[in-house]
Amino acid sequence: QVELVESGGGLVQAGGSLRLSCVASESIFRIYTMAWYRQAPGKQRELVATITRGGSDYVVDSVKDRFTISRDNEKKTLYLDMNNLKPEDTAVYFCHIFGGSTWGQGTQVTVSS
């Protein structure tokens, strides 16, 4: 089973930037469509972005002008670049094999106003 480990979260002021990373344990990572989700306190987990094995990406409308998803299959790594962060982006961000059952442990992003 592929394991996913996220990193890169932290505390940042509004308007700041962060880059999240998700490293997979197996090279089979390259065949999967991958996704970032987030879960804010008291809310349901929600999709943020997806990227196919070929690099075609989708980012939800609410963040598409600020967030970018990318991947490096050689490094077995998924990225989420987040710019102009807002307090409402505060959440635990999760890496996920899209459509599957594998999740990372999450990384906390906190945006202060």
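In which sense do β2 and strand β10 pair, and over how many bridges? β2 and β10 (residues 107–112) pair in the parallel sense over four bridges.

## Basis

This is a predicted model, in which local features need pLDDT of at least 70, side-chain atom pairs count only at pLDDT 80 or more, and totals for chains, interfaces and linings use all residues. Residues are numbered from 1 along each chain as its sequence is written, and side-chain values use heavy atoms, with hydrogens and water left out.

## The sheet

Six strands (DSSP runs of E, at least two residues, numbered from the N terminus) make up an open sheet with mixed pairing, in the order β2-β10-β9-β4-β5-β6. Two strands pair if DSSP finds at least two bridges between them. The edges are held by β2 (10–13) and β6 (57–59); each has a single partner strand, so one side of each is left without a neighbour in the sheet.

Where β2 meets β10, Gly 10 stands opposite Val 109.

## The loop before β10

Gln 105 lies in the loop between β9 (91–97) and β10. Its relative accessibility is 48%, so it counts as partly exposed (between buried, under 20%, and exposed, over 50%, with a 1.4 Å probe and protein chains only).

Leaving aside neighbours within four places in sequence, Gln 105 is in contact (heavy atoms within 4.5 Å) with Leu 4, Val 5, Glu 6 and Phe 94. The C-alpha atoms of Gln 105 and Tyr 93 are separated by 8.8 Å.

## Contacts of Leu 80

Beyond its neighbours within four places in sequence, Leu 80 is in contact with residues including Leu 18, Trp 36, Phe 67 and Tyr 93.
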